[in-house]
Amino acid sequence: MKFFIVGLHSSGKSDIVDILERKGISCGHIFSDITTPKDNIYNSYNYELYTTKDVNEVFENDAYLFIKECKVGEQKFYEGLSRYTFENNDVFVLSPDQLLVTSFNNIDEDICFVWVDNTKSNRYNKYLEDRKMYNFKQRDIVETADLTTFVKTIYTKPILYFCHEEPARIASIIYTAVRYPETQEMFFENYN
């Protein structure tokens, strides 16, 4: 089973992945052809950097779950999730706008969404605490544009739901579900 951590920005998704990676769980990263990661671009330091040629090859070979064009200020770039990354990892992070352009067709693996939810004020406090430099309001507009479809999409698969939860506790549950698949049904029953 593949686990997709989803939720709005500054909800703790990257903290969860950091913990899981330190514990030896294979976590796939979104790729991008951004030339230089920048503080004002949301999550750019977590990208797996591809060349534009690599992105074109992934696109031409239909070897992706999603590819989308992004623009922040004057900088344009692509981001996406390759099939290779998907096939070789257990956990991934998607923002709502990424999830809504992701194709889960032709995937043989079972998928579980781990929804990390929080209030806007708590997310803003985390944004300030982490000293993020991207524009909070602009990112919120992008991610909340179609929340109804986001919620409908994640409820098409098994879901683990967490609201205002410590990242380490969520990471512990994901870690256990990945390492001990027999626990997954229990988690689906109790965290939906």
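This is a short talk on the predicted model of one protein chain, going from the overall fold to a few single residues.

Okay, hi everyone. Let's start with the whole chain. If you count up the secondary structure, you get nine helices and eight strands. The radius of gyration is 16 Å, close to the 16 Å from the globule rule for 192 residues, so the chain is as compact as a globular protein of that length. If you want a box to picture, the C-alpha atoms fill roughly 45 × 40 × 35 Å along the principal axes.

What about inside and outside? Buried residues account for 46% of the 192 in the chain. The accessible surface is about 10400 Å², and carbon and sulfur atoms hold 46% of that. On contacts: take the ones between residues at least 6 apart in sequence, and 70% of them join residues at least 24 apart. Then the charges. There are 21 positive and 30 negative ones, and their mean positions sit 6 Å apart.

Now, cysteines. How many disulfides does the structure hold? Zero. As a reminder, a disulfide is a covalent bond between the sulfur atoms of two cysteines. So why is Cys112 not bonded to Cys27? The sulfur in Cys27 is the closest cysteine sulfur to that of Cys112, but the two are 14 Å apart, which is too far for a bond. Cys112 is also buried, at 0% relative accessibility. Cys163 is in no disulfide either: its nearest cysteine sulfur belongs to Cys112, 17 Å away. Unlike a buried residue, Cys163 is partly exposed, with a relative accessible area of 41%.

Next, let's go to the loop between strand S1 (2-6) and helix H1 (13-22), where we find His9. Is His9 buried or exposed? It's buried, with 0% relative accessibility. And who is around it? Leaving out neighbours within four places in sequence, His9 touches Tyr42, Arg123, Tyr134, Phe136, Arg139, Asp140 and Glu143. Have a look for those in the structure above.

Ser10 is in that loop between S1 and H1 too. Ser10 is buried, at 11% relative accessible area. The thing to look at here is the backbone: Ser10 isn't a glycine, yet its phi is positive, about 60°.

There's another residue like that further along. His164, also not a glycine, has a positive phi near 50°. You'll find His164 in the loop between strand S8 (159-163) and helix H8 (167-179). While Ser10 is buried, His164 is exposed, with a relative accessible area of 51%.

Two more loop residues before I stop. Asn61 is in the loop that runs between helix H2 (52-60) and strand S4 (64-72), and it's exposed, at 57%. Gly73 is in the loop between S4 and strand S5 (75-82), and Gly73 is exposed as well, at 54%.

I like these two for thinking about sequence and space. How far apart in space are Asn61 and Lys120? They're 39 Å apart, C-alpha to C-alpha, with a sequence separation of 59 residues. For Gly73 and Ile41, the separation is 32 residues in sequence and 9.3 Å in space, again C-alpha to C-alpha.

So, to recap: nine helices and eight strands, zero disulfides, and a buried His9 in the loop between S1 and H1. Thanks, that's my bit.

Methods: Residues numbered from 1 in each chain as written. Predicted model: local features only at pLDDT ≥ 70, side-chain atom pairs only at ≥ 80, totals over all residues. Heavy atoms only, no water. Helix = DSSP H or I, 4+ residues; strand = E, 2+ residues; numbered from the N terminus. Rg over C-alpha atoms; globule rule 2.2 N^0.38 Å. Buried < 20%, exposed > 50% of the residue type's maximum accessible area, 1.4 Å probe, protein only. Contact = heavy atoms within 4.5 Å. Areas by Shrake-Rupley, 256 points an atom, 1.4 Å probe, with all protein chains shown as cover. Lys, Arg positive; Asp, Glu negative; His and termini not counted. Charge placed at Lys NZ, Arg CZ, Asp CG, Glu CD. Disulfide = S-S within 2.5 Å.
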